[in-house]
Each structure stands twice: as C-alpha cells, then as structure tokens.
Amino acid sequence: MPITPVNDNNSPTPNGDHNHADADAHAPTPAPAPAPAHDLATLTQRLQRLEDKESLRALLIHGWRALDRKDWRTWIDCWAEDAVLEFGPWERIHGREAILAKVIEAEAPYTSMQHHILNMDFEAQGDRATGIGYMWFVAVTGPTATASPYAMGGPYDWEFTRDTTGWHLTRQRLGVWWTTGEDPRKTFTEAN
C-alpha cells in the first residue's frame with residue numbers, strides 16, 4: 001500500500017522539499033536597525049517646527065478669545081513688553097501698556113465682539129517666528145443692534161519671540177480691506 005506524505009510543515013512534500021512556512025511565521029521579527037543620527041536630528045527639527053507652529057496658533061486663539069470676553073489682561077499677556085501694533089486707521093503704537101490702553105478705549109464700549117483669526121500660517125526659526133492670517137471682526141455696537149452688527153476684515157502680519165515663559169507677539173500689522181454695517185463710534189475708520 002503506497003504511503004501518502006502528510007504535510008506537518010516539516011515533513012517532506014511530494015517533491016521532497018521541507019515546508020518551513022509555519023516555523024518562519026513564528027520566528028521572532030528582527031529589531032529594526034537604529035535610525036542614523038542625522039535622521040533623528042531631522043525628525044527632532046521637524047517635530048520642533050510643528051510644536052512651535054501649534055504653540056503660536058494656541059497663543060493667538062487663547063488671547064483673542066480673551067479679547068472677546070473683554071479679559072484685557074489675558075490678552076495683553078500674549079504680547080512682549082516692547083511690542084508694536086500697526087493698525088491701518090490708527091497711528092503706530094509702541095509698548096504693551098500703550099497697546100492695551102488703546103484697545104480698551106476702542107473695544108470696551110461694544111456690547112459683544114468676535115475676533116476670528118483665519119488661515120493662519122507660521123514660520124519659526126529658533127526663538128523667532130513670523131506669521132500671517134486674516135481677521136474677521138464682528139461687533140454688536142449696542143444692545144438694540146444685534147441684527148445689524150459692524151464687521152471688518154483684512155490681513156494680519158505677525159512677528160514673535162520666545163523667552164523662558166514661551167512665545168510672545170512682538171509686532172502686529174493689521175489692515176482693513178473691507179467693512180460692513182455701521183459703527184456709530186467710527187472707532188476703526190478714522191484715526192483717533
């Protein structure tokens with residue numbers, strides 16, 4: 001009676017070869033070779049750039065949401081001590097406290113505000129960074145004006161520095177490209 005070979009994964013197959021597939025499937029996977037030092041340095045740099053960009057985005061979102069709540073101190077803490085604000089209708093303002101005073105004067109009277117920052121993009125090199133974005137500002141000018149808010153939009157251009165406490169805004173240039181609605185105070189349309 002002829003014997004039919006049984007393939008137990010190590011028995012000869014009909015052609016006489018041994019099948020090691022199952023043994024290979026259970027063999028430990030060799031550990032990957034360590035990444036070359038230059039690849040690790042590149043990865044570290046890429047990760048730092050991503051973290052810097054996210055930190056800059058978070059700084060602006062945190063600060064400008066505080067501005068919507070009229071939490072002036074939280075907002076101005078995003079700025080460096082010797083910061084500069086350049087805004088179309090206003091003269092150039094130098095210094096954190098002068099910026100704060102001007103913005104409180106301009107925005108405190110509004111019933112409510114929304115500061116939208118759109119299409120943000122940043123470039124960081126070490127402890128300095130630049131950024132661009134768009135502003136879309138909406139303000140309710142009085143308690144009975146909720147159906148017809150004043151709005152304006154334009155480009156942001158930022159510069160930042162980092163110190164031991166994190167990133168801070170050192171310069172902001174802001175232009176007004178469009179407006180809609182009426183602002184009876186003319187805060188953002190005439191130099192004050």
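Here is a friendly exchange about salt bridges and the nonpolar core in this predicted model.

Trainee: How many salt bridges does the structure hold?

Mentor: Good place to start. Side chains of opposite charge can pair when their charged atoms come close. Counted over this predicted model, the salt bridges number 12.

Trainee: Which side chain meets Arg57 in a salt bridge?

Mentor: Look along helix 2, residues 37–68, where the partner sits 3 residues from Arg57, about one helical turn away. The N to O distance of the pair is 2.8 Å. The residue that meets Arg57 is Glu54.

Trainee: Is Glu54 buried, partly exposed or exposed?

Mentor: The cut-offs help here: buried means under 20% relative accessible area and exposed means over 50%. Glu54 has a value of 39%, so this residue falls in between. Its partner Arg57, at 36%, is also classed that way. Glu54 is therefore partly exposed.

Trainee: How many residues apart in sequence are the parts that Arg73 and Glu97 tie together?

Mentor: These two side chains form a salt bridge at 3.4 Å, N to O. Arg73 belongs to helix 3 (residues 72–76), while Glu97 belongs to helix 4 (residues 96–107), so the parts they tie together are apart in sequence by 24 residues.

Trainee: And for the salt bridge between Arg96 and Glu81, which residue counts as buried?

Mentor: The closest N and O atoms of this pair are 3.2 Å apart. The bridge links distant parts of the chain, with Glu81 in strand 1 (residues 79–87) and Arg96 in helix 4. Glu81 has a relative accessible area of 53%, so this residue is exposed. At 16%, the one that counts as buried is Arg96.

Trainee: Which residues are linked with Glu86 and Arg92 in a network of salt bridges?

Mentor: Here the salt bridges join into a network rather than a single pair. Besides Glu86 and Arg92, the network takes in Asp157, Glu159, Arg171 and Arg173.

Trainee: Let's turn to the core. How many residues does the largest nonpolar core have?

Mentor: Among the residues with the most contacts inside this core are Trp64, Trp75, Trp79 and Phe137. Elements giving two or more residues to the core include helix 2, helix 3, strand 4 (128–140) and strand 5 (150–163). The core's residue count is 37.

Trainee: Which tryptophans is Trp64 in contact with, leaving aside neighbours within four places in sequence?

Mentor: The contacts of Trp64 include His115, Ile117, Tyr156, Leu169 and Gln172. Its tryptophan contacts are Trp75 and Trp79.

Notes. Residues numbered from 1 in each chain as written. Predicted model: local features only at pLDDT ≥ 70, side-chain atom pairs only at ≥ 80, totals over all residues. Heavy atoms only, no water. Salt bridge = Lys/Arg side-chain N within 4 Å of Asp/Glu carboxyl O. Helix = DSSP H or I, 4+ residues; strand = E, 2+ residues; numbered from the N terminus. Buried < 20%, exposed > 50% of the residue type's maximum accessible area, 1.4 Å probe, protein only. Core = buried A, V, L, I, M, F, W, Y, C linked by side-chain atoms within 4.5 Å. Contact = heavy atoms within 4.5 Å.
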